[in-house]
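Colleague: Could you walk me through a few features, one by one? I would like to learn how to read each of them.

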Amino acid sequence: PSELTFEELDELAKENLINKYSKKIKTHETNFGGLGISCGGDYESSFLLINEVLDILAEELGENIIFGVPSKDIIVFINGNDPKALDGLKKMIEEIHKNGGKLLSKKLYSYQKGNIVEVK
């Protein structure tokens with residue numbers, strides 16, 4: 001509706017996402033020290049918009065979180081201070097982009113204190 005602001009629509013969309021998928025969210029450990037999240041295969045990348053989810057991962061992995069979103073249905077977080085985990089994340093992203101579907105990005109990002117920035 002035209003009476004909704006963008007911010008109100010954004011909040012409503014986030015609430016709908018949480019209400020529909022919060023009971024389906026699971027974390028998965030990787031073989032290189034990362035944590036992935038899943039919720040059914042279609043909306044994993046959308047959970048980047050939910051700071052509370054990212055804050056929970058920060059509690060688990062530490063303050064320096066780096067993550068990749070190679071496809072719509074795969075998102076993996078690591079402790080950015082762990083070189084083995086960083087190498088594993090980069091390799092995983094490359095492998096997914098060789099043969100995967102629903103591709104999004106080969107870039108790495110960091111999450112620190114509520115902000116997401118590209119890792120250069």
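Colleague: Let me begin with contacts: which residues does Ser-45 touch, not counting residues up to four places away in sequence?

Modeller: Happy to help, and please keep in mind that this is a predicted model. For a contact list, look past the sequence neighbours and see what remains. Ser-45 touches Val-69, Ser-71, Lys-72 and Leu-104. Ser-45 itself sits in the loop between strand E2 (35-38) and H2.

Colleague: Is Ser-45 buried or exposed?

Modeller: Buried means under 20% relative accessible area. Ser-45 has 17%, so this loop residue is buried.

Colleague: Now the salt bridges. How many does the structure hold?

Modeller: There are seven salt bridges in the structure. A good way to read one is to ask where its two partners lie. In helix H1, Asp-10 and Lys-14 are four residues apart, about one turn of the helix. Their side chains meet in a salt bridge at 3.2 Å, N to O. Asp-10 is partly exposed, with a relative accessible area of 26%.

Colleague: Which residues are linked with Asp-10 in a network of salt bridges?

Modeller: Glu-11 and Lys-14 are linked with Asp-10 in that network.

Colleague: What about helix H3: how far apart are Lys-98 and Glu-95 in it?

Modeller: Lys-98 and Glu-95 are three residues apart in helix H3, again about one turn of the helix. The closest N and O atoms of their salt bridge are 3.1 Å apart. Lys-98 is exposed, at 58% relative accessible area, while Glu-95 is partly exposed, at 44%.

Colleague: And which residue forms a salt bridge with Lys-106?

Modeller: The partner is Glu-94, with the closest N and O atoms 3.9 Å apart. Lys-106 lies in the loop between H3 and E5 and Glu-94 in helix H3, so this pair ties together parts that are twelve residues apart in sequence. Both ends are partly exposed: Lys-106 has 49% relative accessibility, and Glu-94 has 38%.

Colleague: Let us move on to surface patches. Which residues gather in the patch of negative charge?

Modeller: For a charged patch, list the members and then see which element they come from. Here Glu-29, Glu-52, Asp-55, Glu-59 and Glu-60 gather on the surface. Helix H2 (residues 51-61) gives the most to this negative patch, with four residues. Glu-29 is found in strand E1 (residues 26-29). At 73% relative accessibility, Glu-29 counts as exposed.

Colleague: Which residues make the nonpolar surface patch?

Modeller: Leu-4, Leu-9 and Leu-12 make that one, and the patch covers about 230 Å². Leu-12 belongs to helix H1 (residues 6-21). With 39% relative accessibility, Leu-12 counts as partly exposed.

Colleague: One last topic, the backbone angles. What is the phi of Lys-102?

Modeller: When reading backbone angles, check both the sign of phi and the residue type. Lys-102 has a positive phi of about 55° although it is not a glycine. Lys-102 is in the loop between helix H3 (83-99) and strand E5 (108-112). Its relative accessibility is 44%, so Lys-102 counts as partly exposed.

Colleague: So the loop between H3 and E5 holds Lys-102 as well as Lys-106, whose salt bridge reaches Glu-94 in helix H3.

Modeller: Yes, and reading the features together by element is a helpful habit.

How values were computed: Residues are numbered from 1 along each chain as its sequence is written. This is a predicted model: local features need pLDDT of at least 70, side-chain atom pairs count only at pLDDT 80 or more; totals for chains, interfaces and linings use all residues. Side-chain values use heavy atoms; hydrogens and water are left out. Patches are made of residues with over 30% relative accessible area and no salt bridge: like charges are joined within 9 Å, nonpolar side chains (Val, Leu, Ile, Met, Phe, Trp, Tyr) within 5 Å. Accessible areas come from the Shrake-Rupley method with a 1.4 Å probe; for residues, only the protein chains shown count as cover. A salt bridge is a side-chain nitrogen of Lys or Arg within 4 Å of a carboxyl oxygen of Asp or Glu. Helices (H or I, at least four residues) and strands (E, at least two) are DSSP runs, numbered from the N terminus. Buried means under 20% relative accessible area, exposed over 50%, partly exposed in between (1.4 Å probe, protein chains only). Lys and Arg count as positive and Asp and Glu as negative; His and the chain ends are not counted. The place of a charge is taken as NZ of Lys, CZ of Arg, CG of Asp or CD of Glu. Contact means heavy atoms within 4.5 Å.
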